[in-house]
There are 2 protein chains.
Amino acid sequence: MTVSKAVDVTRAPRPARKEGIDNATQDTPIQLGELAGLLGYSLKRAQLKIFEDFLRCVAPLQLTPAQFSVLLLLDRNPGRNQTEIANTLGILRPNFVAMLDGLESRDLCARMRSTYDRRSHILVLTEKGRVVLARAKKLVAAKHEARLNELLGPANRATLLGMLDKIAREF
Amino acid sequence: MTVSKAVDVTRAPRPARKEGIDNATQDTPIQLGELAGLLGYSLKRAQLKIFEDFLRCVAPLQLTPAQFSVLLLLDRNPGRNQTEIANTLGILRPNFVAMLDGLESRDLCARMRSTYDRRSHILVLTEKGRVVLARAKKLVAAKHEARLNELLGPANRATLLGMLDKIAREF
DNA sequence: TGATATTTGATATACTTTATAACAATTATC
DNA sequence: GATAATTGTTATAAAGTATATCAAATATCA
């Protein structure tokens, strides 16, 4: 229904050539044009690639990047509640509930009512959570980040990280 | 229901101090820890920031980054069909249909049946589409990319772009 | 040539991510 | 002590992303 009437887009029907403009360009690669200079475009494509690789590397542990980041934060910051962890990661509190449900049902972390503010749930890693996190760290370092180092070199990798952090913080 | 029993996580109830571990850490900023060294994490945060800014800068034209990228490709690559454009942008063909419906309903582009392969829809920018794209390019260059140049400097921006492209292509 | 396979755009559908409003329980404020 | 704010939660919706399937059209090849 959104399809317009059939129109010949070829500049002119040339009987001598068998192909119109749409066929003539078929073997030519599509030009990205100014898209190749757009930082946001490259950023998005690179991010997708890196998340794909992260998922592959850590597949044996069935952890997404977001789940891994939660476990990391819980390990480094004991005694924090849901709101604090979610805010730090840019996760909205309502969405963090289901995410924690998943981690808790796998016995990777636990919620405990704070005795000082009974509204809060203090988040802690379980023993299994610590084990899984340790394994995940090793996989990420040995497979994921190592592959990045191989591609960019340590110095470039550090430079890249610095610029990305600057954008994330100051932009 | 997923909430575990109330447990006091404070190491020991010390009567002399009014605050347990969960309260004592409340004024301390959360430590990102190794999260700060994870490229994927910084990449994601930076990408979100950049897309937010893109949306702000181009808000008068009501274009998302994805829509902008489609218009750019159509302008540079006349005579291509939906599959070619969608594949280039990493958009799945079924999802590209609704996206094109939106652009076509705003008279920014049009589908035309190819006379050489009547299965295909040749995509073309409308006159309005060209005008809107030109305005969008100016907004992006003058506001969005200019701000990035200000933050990073032209040389660093080019370096960043190069590394992101390398990741997107070779990783 | 004609039967079979492939391609194209489209529909239906589902899952994930992200976003907002509202609620009960609890705590803070004045 | 009344009112406001916070916490975790539920419900819900809008995007984004993914797969299977279909009819029409084209390609393949025996």
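**Close-up views of the strand surfaces and the chain contact**

**View 1. Surface near DNA strand D in the predicted model.** By class, this surface near DNA strand D comprises seven nonpolar, eight polar and six charged residues. In total, 21 residues surround DNA strand D. The closest of them are A:Asn81, A:Thr83 and A:Pro94 from chain A, with B:Pro94 and B:Arg118 from chain B.

**View 2. Helices that supply the surface near DNA strand D.** At least two residues each are supplied by helix H4 (82–89) of chain A, helix H5 (93–105) of chain A and helix H5 (93–105) of chain B. The largest share, four residues, comes from H5(A).

**View 3. Surroundings of DNA strand C.** Around DNA strand C there are 20 residues, of which A:Pro94, A:Arg118, B:Asn81, B:Thr83 and B:Pro94 come nearest. Two or more residues of the surface near this strand are given by each of H5 of chain A, helix H4 (82–89) of chain B and H5 of chain B. H5(B) gives the most to the surface near DNA strand C, with four residues. The composition of the surface near DNA strand C is six nonpolar, eight polar and six charged residues.

**View 4. Contact between chain A and chain B.** Chain A enters the contact with 74 residues and chain B with 73 residues. On the side of chain B that touches chain A, the largest share, 14 residues, comes from helix H2 (residues 39–57) of chain B. This side of chain B is made up of 33 nonpolar, 21 polar and 19 charged residues.

Methods:
Residues are numbered from 1 along each chain as its sequence is written. Chains are lettered from A and ligands numbered from 1 in the order in which they are written. This is a predicted model: local features need pLDDT of at least 70, side-chain atom pairs count only at pLDDT 80 or more; totals for chains, interfaces and linings use all residues. A residue is near a molecule or strand if its C-beta atom, placed from the backbone, lies within 6 Å of it. Ala, Val, Leu, Ile, Met, Phe, Trp, Tyr, Cys and Pro count as nonpolar, Asp, Glu, Lys and Arg as charged, and the others, Gly among them, as polar. Two residues are in contact if their C-beta atoms, placed from the backbone, lie within 7 Å.
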